[in-house]
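Work through the exercises below with the structure open. Each task is followed by a solution in steps.

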Amino acid sequence: MTACFLIFIFVTFELSYDKFNQNFDQVYRLVTDIKSPQEVLHWSSASAPMGPALQQDYSEDVKDYARVFGGSFLVVNGDKKFQENNIIFTDPSLFKIFTFPFVKGNPNTALSVPFSIVLTESMAKKYFGTDDIIGKSLRLDGKRPVNITGVVKDVPLNSHFNFDMAMSASTMEKMKLINMQEWGNFSNFTYLLLPKGFDAAKLQAKLPNFLHRHITDDQRKHGYNYTIFLQPLKDVYMDDFRGAPVNGSKSNVYIFSIIAVFILLIACINFVNLTTARASERAKEVGIRKVIGAFKDQLAIQFLGESMIIALVSFVFAFVTSLLLLPLFNELAGKTVSESVFAHGYIFILFGISLAIGLLAGIYPSFVLTSFSIISVLKGRFSTSVRGIFLRKGLVVLQFTISIVLIVGTIVVYNQLNYMRNQSLGFDKDQMAVIDFSGDSTVQSQADAIKNELRDVNGVVSVSGSSNTPGNGNSVGYSQVENSSGSMQSINLNLYDIDFDFMQQYGLKLAAGRGFSTAFPGDSTKSFVINETAAKELGYKRPDQAVGKRFSQWGRTGQIVGVVKDFHFQSLQQDVKEMDLRINPHNINVFTVKIKGGNIPNTMAALENKWKTLVPQRPFSYSFLDDNFNKQYVNEDRFGKLFLNFSILAIMISCLGLLGLASYSTLQRTREIGIRKVLGASVPGIVNMLSKEFLILVAVAALIAFPIAWISMHIWLKDFAYKVDIGWWVFAVAGILACFIAIVTISFQAIRAALANPVMSLRSE
């Protein structure tokens with residue numbers, strides 16, 4: 001019951017995302033499908049002009065809009081200096097559309113002017129030690145001051161996006177970070193507030209004409225060919241198709257809900273099996289009660305009451321256990337799904353679930369116990385019916401069917417996670433420290449000098465610079481590239497801006513052509529390297545056929561000088577996409593430092609000291625490349641741990657039921673065992689006789705479970721582009737493990753019965 005209650009809290013939390021917003025049913029996110037010759041990109045973002053234009057064109061349909069842009073700055077207040085990566089730029093209406101309560105300031109005017117900023121309570125205390133900070137200022141990148149105009153409560157954990165600081169969108173324009181009139185730049189989330197009770201389908205029907213009015217034919221020819229849709233806020237968090245800043249998983253919610261039902265079902269089966277198996281012990285009680293005038297309904301109520309009492313006692317234990325285990329469960333889930341079992345009325349829900357379990361589990365046993373014939377019972381002719389025996393065996397089969405499905409699932413889940421961690425990625429990720437300086441222009445202008453200084457640190461092998469690193473996101477550039485037919489093909493390419501050392505340091509292999517070199521002056525401005533997938537998409541059967549072809553991207557024109565072998569710059573849940581590399585030292589955001597394996601802590605300490613000397617204005621913020629890449633699988637890792645723990649629990653509950661049933665079965669056959677021993681039966685023979693019956697049930701369960709498990713895990717693996725095969729050995733291991741568990745569970749009682757003195761058993765009979 002404890003496990004089911006914890007799962008219930010987890011599932012409830014996952015389904016509660018964004019419901020704290022008062023306008024929950026009226027908010028929609030504007031999403032985009034971008035069409036190119038090779039694919040359709042399904043993006044969760046929109047372009048900056050869309051929100052204002054929609055409100056202007058359809059003022060009766062769109063009450064308000066808010067755009068959210070991501071930002072990252074070094075924030076300074078006196079001697080306090082932190083790199084903040086969870087900053088947003090947004091419109092003042094954000095606080096009208098979403099429910100983020102203000103502690104200080106006016107939500108209507110807080111972001112109405114450029115260079116105004118709103119902090120969360122945590123950030124206010126981090127920089128000032130208090131939330132009474134209206135009118136004070138912070139400096140971005142240690143230079144540009146921004147005025148604090150509000151403090152809001154920390155964003156709830158069940159919000160699909162969160163922020164530590166929010167700045168006015170007009171600040172972006174003043175800082176020339178974005179062109180707010182650029183229809184082809186899909187760099188922001190756009191949220192629309194529709195009138196209460198309004199049918200969103202009516203506005204959706206108007207969107208094609210809206211785009212037709214605002215996007216010219218010339219723009220469409222240059223790649224502005226897209227469709228926009230309205231996505232209800234209630235669907236955003238669970239949308240693993242388009243994605244969100246914080247994403248959930250429908251499949252995980254379904255899986256854990258099913259596991260909770262399985263655990264409850266197994267526990268109820270245990271109760272039904274043991275209660276009906278012990279029916280003969282209470283047969284005389286039922287007979288006598290009927291003789292002295294008890295009605296069948298009265299007896300049924302009594303036995304149901306006993307079942308309910310047991311369930312309520314379980315409720316008390318489940319409540320205490322849940323209270324103790326909730327912090328550990330929060331840690332295992334990777335989020336605070338609940339701070340207390342008293343929150344949101346969970347305790348009353350648990351009480352209701354307990355009553356329901358007691359009622360459901362007690363119905364059949366009460367029916368069996370009240371259906372005994374008075375005459376047969378009192379004459380001592382009562383025996384367990386064949387139908388009852390078959391029912392109990394059927395329930396045992398059902399228990400082990402569930403257990404074997406969970407065993408197979410656990411093996412497949414962990415096999416897939418290990419596969420993703422150990423699969424060759426096509427680049428060197430070991431002992432690579434990534435120093436993030438967030439594109440500081442001062443660092444960029446001195447990049448070569450800083451790299452040379454870092455190379456001189458003892459223990460450093462090499463240093464390179466890039467806009468991004470594998471597993472940590474990248475830009476997507478609209479490009480036109482000469483294809484195999486000789487025409488310029490529009491294509492969206494994932495893009496890394498790099499320096500001349502990047503390809504060699506990361507160990508990228510060439511499939512054709514050459515890499516970048518300082519020996520070729522044109523490489524800095526006119527050369528591109530694409531991957532094998534891009535070459536195939538352009539129609540080239542061999543990589544070398546793409547070398548020398550024309551290329552145009554974001555105002556830069558030139559030719560392809562090389563084709564690099566495919567490498568995984570994204571999670572293995574996705575296929576390798578088309579990408580290109582180009583030299584651009586003005587867009588480098590990070591340095592990657594290759595380190596010798598001898599003494600990494602000392603090397604990192606030396607790098608930090610050198611960094612503080614070279615870049616005193618920035619903190620030494622670093623991480624390791626392999627850790628960064630594996631962070632993409634953090635949700636899968638947590639899912640695997642939760643799945644394993646709950647599967648073990650379900651199997652243990654099955655074993656408890658099997659142990660109880662084996663004990664009772666052995667007790668019922670005490671006389672038979674004594675006679676067999678007197679007639680010369682060996683201990684192994686008796687153990688085999690007692691175990692065989694249950695092992696046959698496990699074998700039947702395996703035959704039922706294997707196809708169910710294969711179908712279930714095949715569906716789960718569909719979310720991964722690169723996945724393991726579910727080989728025969730998985731089912732063999734699961735079957736052997738299930739038999740081993742059953743044997744261990746039964747053997748204690750079987751051996752004990754086989755070793756018992758037959759004289760004692762026969763005398764008692």
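**Exercise 1. Overall make-up**

How many helices and strands does the chain have?

Solution. The model is predicted; local features need pLDDT of at least 70, side-chain atom pairs count only at pLDDT 80 or more, and totals for chains, interfaces and linings use all residues. Residues are numbered from 1 along each chain as its sequence is written, and side-chain values use heavy atoms, with hydrogens and water left out. Helices (H or I, at least four residues) and strands (E, at least two) are DSSP runs numbered from the N terminus. On that basis the chain has 25 helices and 22 strands. Along the principal axes, its C-alpha atoms fill a box of roughly 105 × 55 × 55 Å. Of the 765 residues, 49% are buried, where buried means under 20% relative accessible area, exposed over 50%, and partly exposed in between (1.4 Å probe, protein chains only).

**Exercise 2. The partners of E19**

Find in which sense E16, E17 and E18 each pair with E19.

Solution.
1. Two strands pair if DSSP finds at least two bridges between them.
2. E16 (residues 510-513) runs antiparallel to E19 (residues 556-564), with three bridges. Here glycine 513 lies opposite glycine 562.
3. E17 (residues 527-531) is parallel to E19 over five bridges; serine 527 faces glutamine 559 across this pairing.
4. E18 (residues 550-553) is antiparallel to E19, joined by four bridges, and serine 552 stands opposite threonine 557.
5. E18 and E19 make a hairpin with two residues between them, and tryptophan 554 in the turn has a positive phi of about 50°.

**Exercise 3. The shape of H11**

Compare the span of H11 with that of a straight helix, then locate the kink.

Solution.
1. The expected span is 1.5 Å times one less than the number of residues. For 38 residues this gives 56 Å, but H11 (residues 296-333) spans only 48 Å between its end C-alpha atoms.
2. The bend at a residue is the angle between axes fitted to the seven residues ending there and the seven starting there. A kink of about 45° lies at leucine 325, shortly before proline 327.
3. Just after H11, glycine 334 has a positive phi of about 80°.

**Exercise 4. Valine 320**

Is valine 320 buried, partly exposed or exposed?

Solution.
1. Valine 320 is found in helix H11.
2. Its relative accessibility is 42%, so valine 320 counts as partly exposed.
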